[in-house]
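Subject: Structure handover

Hi,

Here is the structure I promised you. Please open it first, then read my notes below with the model on screen.

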Amino acid sequence: MEHSRASFVLGHHFEQARIVHCQVGEPTLLVTELTPFHPQSHLWPDQPGDVGTASWEGGSAVVGPCRMGAISPEGELFVDQAIPVKRGAEGWAFVVVHPLAGQHALPIGGEVELKVDAEARHALSLGHSGCHLVALALNRVLMPYWRKEVSERDALEQPDFDRLAIQSSRVESRGSREQYRIGKSLRKKGVNSEALLAELPRIEQQVNAQLAEWLASGGEIRRSRAGEAIIDSRYWHCVLEGREVTIPCGGTHVGSLAELGIVSVQLNPREEGFTLQSRVSP
Ligand SMILES: [Zn+2]
């Protein structure tokens, strides 16, 4: 079996697709050769899976949220955290799993119409594009808090505090929620955690000012991918400060910074770090 082909990177919400696997249950797990649905990653579950509907001759069902799956050489489907192999493992097909409400015995080789809830998708795309911009703004504002040269750099070649300190990231409708931890290894790398944590309110203001400046430029956002398969690498590109920056990203996004309107963050202290809540007001 082949890996699922995914069209959400192209901004698609609708596909007519051929059924390649159907596991009847509550929910029924449907796999198609092609899909417009974005699945939540099993490795870094930042963006929730798309929801929507599936319809076929004589029936329809609510879909989602979609997840990643892998089908073994023997034809057994494993979903999300139960996937026992690395992506690209020989003989395994990595697929998008559409959970269908109710029990539906759909024929392999049959056709379904898959339709993503465009409004829910758009709200998540706003949240995810905002989240990338926030990470870059945070890295910019935290540059003075590094006491040493750091080799890990972000897409703007700034010290990559976001990548080094992030514990979890969750994209939400028109926002995101991140947890950052400044542990021993990060302090050893040179982060002045005492000053940073003492100055969170000021940092919050500076991040919001940086976001406003970048958003005013209204730069284009585009996506690219190494191939059509769900496991092929995908990228986010955005024009910022007069050049295009590139970040590896599997999620969905809006088409320009102008669509984001206002993005603002709130920082709150937690043990050995802080939480960040971002909000997008288009
Ligand atoms: Zn991303």
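Let's start with a cysteine. Cysteine 131 counts as buried, at 11% relative accessibility. Here, buried means under 20% relative accessible area, exposed means over 50%, and partly exposed lies in between, using a 1.4 Å probe and protein chains only.

Two words on the basis. This is a predicted model, so local features need pLDDT of at least 70 and side-chain atom pairs count only at pLDDT 80 or more, while totals for chains, interfaces and linings use all residues. Residues are numbered from 1 along each chain as its sequence is written, and side-chain values use heavy atoms, with hydrogens and water left out.

**Cysteines**

How many disulfides does a search of the whole structure find? It finds 0. A disulfide is a pair of cysteine sulfur atoms within 2.5 Å. Cysteine 131 is in no disulfide. Its nearest cysteine sulfur is that of cysteine 249, 8.2 Å away. Cysteine 238 is buried too, with a relative accessible area of 0%. Its sulfur is 12 Å from the closest cysteine sulfur, in cysteine 249, and that is too far for a bond.

**The zinc ion**

Cysteine 249 has another role to look at: its SG atom is a donor of the zinc ion. The other protein donors are His128 (NE2) and His132 (NE2). These donors lie 2.0 to 2.3 Å from the zinc ion. Donors are N, O and S atoms within 2.8 Å of the metal (3.2 Å for Na, K and Ca); water is not among the atoms, so sites may look incomplete. Along the chain the donors follow the spacing H-x3-H-x116-C.

Why are histidine 128 and histidine 132 separated by about one helical turn? Because they are 4 residues apart in helix 1 (residues 118–141). Helices (H or I, at least four residues) and strands (E, at least two) are DSSP runs, numbered from the N terminus. Both histidine 128 and histidine 132 are buried.

**Further along helix 1**

Asparagine 139 is also found in helix 1. It counts as buried, at 1% relative accessibility. Its side chain makes a polar contact with the side chain of aspartate 160, at 3.0 Å. The same side chain reaches the backbone nitrogen of aspartate 162 at 2.9 Å. A polar contact is a pair of N or O atoms within 3.5 Å; within protein, one must be able to donate a hydrogen and the other to accept it, and residues adjacent in sequence count only if both atoms are side-chain atoms.

**The sheet beside helix 1**

Helix 1 lies across strand 13, strand 14 and strand 15. It runs at about 65° to strand 14. Lying across rests on contact, meaning heavy atoms within 4.5 Å. Axes are lines fitted to C-alpha atoms, for helices over the stretch in contact, and angles run from 0 to 180 degrees between N-to-C directions.

These 3 strands form an open sheet in the order 13-14-15, with antiparallel pairing. Strand 13 (221–225) and strand 15 (243–248) stand at the edges, each with a single partner strand, so one side of each is left without a neighbour in the sheet. The twist averages 25° from one strand to the next. Two strands pair if DSSP finds at least two bridges between them. Strand 13 and strand 14 (residues 234–240) are joined by 5 bridges. Serine 224 stands opposite tyrosine 235 in strand 14.

**The sheet of 4 strands**

Another open sheet has 4 strands in the order 11-12-17-16, again antiparallel. Strand 11 (166–172) and strand 16 (262–270) are at its edges, each with a single partner strand, so each has one side without a neighbour in the sheet. Neighbouring strands are turned by 15° against each other on average, direction ignored.

Strand 17 (residues 273–281) is joined to strand 16 by 9 bridges. Glutamine 266 stands opposite glutamine 277 in strand 17. Strand 16 and strand 17 form a hairpin with 2 residues between them. In the turn, glutamate 272 has a positive phi of about 55°. Strand 12 (residues 175–181) is joined to strand 17 by 7 bridges. Helix 5 (residues 200–217) lies across strand 16 and strand 17, at about 160° to strand 16.

Best wishes
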